[in-house]
Structures are given as C-alpha cells and as structure tokens.
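Hi everyone, thanks for coming. I'd like to walk you through a structure that's probably new to most of you, so let's put it up on the screen.

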Amino acid sequence: MKRRQAGLTLIELMVAMALTALLGVMLAALVNGWLKVRERLQVTRQENSVLEFCLALERRFDSPVLRRVYEQRLPLASRWLDWQPDRQQLLWVAATAVPEAEGGSRLQRQRLRFDAREQRLTLETSADLYAASEPRWVMREQLEQVSALNVLYHQGGRWLPWPSDQPAHPGRGVRVQLQRDGAPYVCTFTLPWGRS
C-alpha cells in the first residue's frame, strides 16, 4: 500500500507561484494604465479650462467700442484697449449680446486682471460706465495657477509688446501669453477692424 502524501508537490507549488506572479503583473499593468489615463484626463481638463477662458475672452474682443468712461465722476482717457502695466490689467468697453441684469446696458466695461501674488487671471465686467466711485466688477471667468502674463498687439505686420505710449487704435489683434503650471499658452484674438 502506498501512503498518501500530505501537502503539495514541488511542481504544484511552482505552478501556483507562476500563476500568482502572472496575475500580479497583469494587475500592475492594469493599475498603471488606469493611472496614465487619469493623468491624461487631468491634463486635458487643465487645457480645457485655458481654452474656455480664451473663448470667453474672445467673445469680449468681438465687439470693442470706443467710449469714454468715468470713475469717481472723472473722465478717463478714451482708448480702444487700455493696458495698465503697473496694475497688470487690460481695460476696454464692449457691446454684449444680451443686456445684463445688474446694469441693463449692452455696453459694458471689461477688465482682464492678473494677480501675480495669488497667481490668478480674472475676466470681469461692469455696467458702470459712469461710476460715481469705483465701478462694481462682476467676475465672469477665472484661471488659477497663472504665474506670468504678457499682452502683445499686432501692428505693422508683427507682434509688439504693449507700449506705455500706446496709440488710440491698437492695431489688428491682441495676443495674451500666459504661463500656467509651467506650460506656456497663447491666446490670439483678431479685432473686428483687423479681419479681412
């Protein structure tokens, strides 16, 4: 009579270990693929937020209006686009498609403002063309983690840094260059009079 063996043979043990290792490799590959997809989706979301911000900005550059505005009952200089490098903001007046509830005017002030300390770029509007004090700004779009902003204008066939002695007419287009999460982004806008 043969005695029954209690336990596993060496071959059975090696097959079990090989199957376990194979399942481990497959699971690691699955988790790695899932993490890569998740990372790609996160980068796409960041790029989409920059794209959405640029599209909102483009809608406001579609209809600029040369209009005198007032702050604290004092008239400001009339410019199509007023870049203020010391305050890191670009101001202009544009016609909107639908009158806003807060002012009821189709003409609204627009402000693109960069806060370097907070690393934030905001797009704001105000219906206060004739503000008795400071205009009330309503935030329309916001972009976080922006470390640098540069505004250029197209004139004479090339892109130039925005001058402090800017002409009343800004040229054919505006370019906004920004740095977000270490990646450079460029939004270029053709002004209505620059279209052929």
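Let me start with a question: does Arg113 count as buried, partly exposed or exposed? Arg113 comes out at 28% relative accessibility, so it counts as partly exposed. Before I go further, please keep in mind that what you're looking at is a predicted model.

Now, who does Arg113 pair up with? There's a salt bridge between Arg113 and Glu124, with the closest N and O atoms 3.1 Å apart. Arg113 sits in strand β6 and Glu124 in strand β7, so this pair ties together parts that are 11 residues apart in sequence. If you're wondering about the general idea, side chains of opposite charge can pair when their charged atoms come close.

Let's stay with Glu124 for a bit. You'll find Glu124 in strand β7, which covers residues 120-126. And is Glu124 buried or exposed? Its relative accessibility is 7%, and the cut-off for buried is under 20%, so Glu124 counts as buried.

Glu124 has a second arginine to talk about, and that's Arg111. The side chains of Arg111 and Glu124 meet in a salt bridge too, at 2.7 Å from N to O. Here again the pair links distant parts of the chain: Arg111 is in strand β6, residues 107-115, Glu124 is in strand β7, and they're 13 residues apart. Arg111 and Glu124 are both buried.

If you think in terms of polar contacts, you'll meet those arginines again. The Glu124 side chain makes a polar contact with the side chain of Arg111 at 2.7 Å, and another with the side chain of Arg113 at 3.1 Å.

What else is around Glu124? Leaving aside neighbours within four places in sequence, Glu124 is in contact with a list of residues, including Gln110, Trp137, Val138 and Met139. Arg109 and Arg140 are among them as well.

OK, zooming out. How many salt bridges does a search of the whole structure find? The count is five. One that I haven't mentioned yet joins Glu118 and Arg117, where the closest N and O atoms are 3.1 Å apart. Glu118 has 33% relative accessibility, so it counts as partly exposed, while Arg117, at 70%, counts as exposed. That pair also belongs to something wider: Arg117, Glu118, Arg120 and Glu144 are linked in a network of salt bridges.

Let's move from charges to sulfur. How many disulfides turn up in a search of the whole structure? Just one disulfide is found. Cys54 and Cys187 are the partners, with an S to S distance of 1.7 Å. The two cysteines come from distant parts of the chain, with Cys54 in helix α1 and Cys187 in strand β12, residues 183-190, and their positions lie 133 residues apart in the count. Both Cys54 and Cys187 are buried.

Last stop: the surface. There's a nonpolar surface patch of about 630 Å², made by Ile11, Val15, Leu19, Leu22, Leu23 and Met26. Take Leu22 as one of that group: Leu22 is found in helix α1, which spans residues 10-61. At 48% relative accessibility, Leu22 counts as partly exposed.

So if you take one picture home, make it Glu124: buried at 7%, and in salt bridges with Arg111 and Arg113. Thanks, and I'm happy to go back to any part of the view.

Key. Residues numbered from 1 in each chain as written. Predicted model: local features only at pLDDT ≥ 70, side-chain atom pairs only at ≥ 80, totals over all residues. Heavy atoms only, no water. Helix = DSSP H or I, 4+ residues; strand = E, 2+ residues; numbered from the N terminus. Buried < 20%, exposed > 50% of the residue type's maximum accessible area, 1.4 Å probe, protein only. Polar contact = N/O pair within 3.5 Å; in protein donor to acceptor, adjacent residues only side chain to side chain. Contact = heavy atoms within 4.5 Å. Salt bridge = Lys/Arg side-chain N within 4 Å of Asp/Glu carboxyl O. Patch = residues over 30% accessible without salt bridge, like charges linked within 9 Å, V, L, I, M, F, W, Y side chains within 5 Å. Areas by Shrake-Rupley, 256 points an atom, 1.4 Å probe, with all protein chains shown as cover. Disulfide = S-S within 2.5 Å.
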